[in-house]
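Biologist: I would like to learn how to read a model of this kind, one feature at a time. Could you take me through it, with the general idea before each case?

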Amino acid sequence: MKETNKYYLNYLINPSTFRNWIFILVIILGTGFFSGCEKDDDPVIEKKEEKTEVDKDKQPSEEGTNITLYKVAGGKIEKIKDFEVKGDDLKIQKEKAKHTKLWELTKKIVPQDYRKYIGEFMIMNSEEVAGYVSDVKEDLSLWQFGLAINLAYANGEPENNKDFVYTIIHEFGHILSLNISQVDASVKESDCTHYFTGEGCARSDSYFYQFYKEFWEPIWHEFIKVESDDDRSAFYEKFSDQFVTDYAATNPGEDFAETFANFVLSDKPKNSSIANKKILFMHQQENLVQLRKHIRTEFKSLVSLKGATIYRIPWKR
Ligand SMILES: [Zn+2]
């Protein structure tokens, strides 16, 4: 049984609630604890054979319900399997056109160069987790990209849903920073002289390692002391000027993804808080600037909403 890491973006309506902190805690704990028992860890190819089968495994309850799993091939999604669901979940499962639409929206955000890293696409129904990514190949060359379709359609069409577009960009930020070109999964934690992401060792020239070195190394001695929920709140409060959202303080991986989403959707910052310096760091990376331009062109109406809170967590702190 392979252990998989999962990167969540949950909707933190009230970050102090115990339930939400549990999710964050799971992430902080290196998430290697998320064993693959409830999820499918078989290589993509093997899943082809399961096309007509229905998964009878118990659904992971806190995360939400898996609805339909797709394989991504040639820019299109092909059903691998429908999970055994009932009630509202079954209704969602039957609305396949909506699934495709959500994939098409993801494609608008993730350009082809990066879509090659997405091997699977999961449609789920969840009130807790808006999206996640999880490696499906240990070498980090292929990832599963999961989205909560109920949240995507919560306020009409998903392409007009700022929160949800933000979610997809956030998840893309993980793919961007954790794929095989950025992280070497063959290096063990004990041999990693850079930052160990949980999946592997961030390569010396990776975005992640540069980001970590510049912004997390100086506070690392404080971060490693974080154990309880109270510690976590205190850590964020102490360094709140360093993070674009409170969720970003979860760990370097979430910080990168949150910073990336804010980098894409917000104007180039003028003041020099450390949070803004993180965004400006991304403005210095030519490839990231191109990605930003690409996404902003696709979502003109969303990025032009100046002063709008793109996410439920106020980012103007
Ligand atoms: Zn995340």
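**Reading the strands and the helix contacts**

Modeller: Let us begin with a covered strand: strand 6, residues 129-135, is mostly covered, since 7 of its 7 residues are buried. Please keep in mind throughout that this is a predicted model.

Biologist: What is the secondary structure of the protein chain, and what share of its residues count as buried?

Modeller: The protein chain has 14 helices and 9 strands, and 41% of its 317 residues count as buried. Among contacts in the chain with a separation of 6 or more, 65% are between residues 24 or more positions apart.

Biologist: Which strand pairs with strand 6, and in which sense, parallel or antiparallel?

Modeller: Strand 6 pairs with strand 7 in the antiparallel sense, over 5 bridges, and within this pairing Y132 has G146 of strand 7 as its bridge partner. Strand 7, residues 143-148, also pairs with strand 5, here in the parallel sense and over 6 bridges, with I118 standing opposite W143 of strand 7.

Biologist: How many residues of strand 5 are buried, and which strand runs antiparallel to it?

Modeller: In strand 5, residues 118-125, 8 of the 8 residues are buried, so the strand is largely enclosed by the rest of the structure. Strand 3, residues 65-73, runs antiparallel to strand 5 and is joined to it by 6 bridges, and one of the partnerships places Y70 with F121 of strand 5.

Biologist: Let us turn to backbone angles. What is the sign of phi in most residues other than glycine?

Modeller: Most residues other than glycine have a negative phi. In this model L140, which is not a glycine, has a positive phi of about 70 degrees. L140 is placed in the loop between strand 6 and strand 7, and it counts as buried because 23 other C-beta atoms lie within 10 Å.

Biologist: And S181, is that residue buried or partly exposed?

Modeller: S181 has 14 C-beta neighbours inside 10 Å, so it counts as partly exposed. S181 is found in the loop between helix 7 and strand 8, and in space it is 8.0 Å from R203, C-alpha to C-alpha, although the two residues are 22 apart in sequence.

Biologist: Now for the helices: what describes two packed helices?

Modeller: Two packed helices are described by the angle between their axes and the distance between the axes. Helix 7, residues 162-178, and helix 11, residues 252-265, pack at an angle of about 125 degrees with their axes 8 Å apart. That angle makes helix 7 oblique to helix 11, and the crossing of the two is right-handed.

Biologist: Which residues of helix 7 and helix 11 meet?

Modeller: On the helix 7 side, the residues include Y166, I169, H170 and L176, and on the helix 11 side they include F256, F260, V264 and L265. By class, this contact of helix 7 with helix 11 has 9 nonpolar, 5 polar and 1 charged residues.

Biologist: At what angle do helix 11 and helix 12 pack?

Modeller: Helix 11 and helix 12, residues 274-283, pack at an angle of about 70 degrees, with their axes 9 Å apart, and this makes helix 11 roughly perpendicular to helix 12. The contact is made by T259, F260, N262 and F263 of helix 11 together with K278, I279 and M282 of helix 12, and its residues divide into 4 nonpolar, 2 polar and 1 charged.

Notes
Residues numbered from 1 in each chain as written. Predicted model: local features only at pLDDT ≥ 70, side-chain atom pairs only at ≥ 80, totals over all residues. Helix = DSSP H or I, 4+ residues; strand = E, 2+ residues; numbered from the N terminus. Buried ≥ 20, exposed ≤ 12 C-beta atoms within 10 Å, placed from the backbone. Contact = placed C-beta atoms within 7 Å. Pairing = 2+ DSSP bridges. Axes fitted to C-alpha atoms, helices over the stretch in contact; angles between N-to-C directions. Parallel < 35°, antiparallel > 145°, perpendicular 65-115°, else oblique. Left-handed = near helix turned anticlockwise from the far one by under 90°. Nonpolar A, V, L, I, M, F, W, Y, C, P; charged D, E, K, R; others polar.
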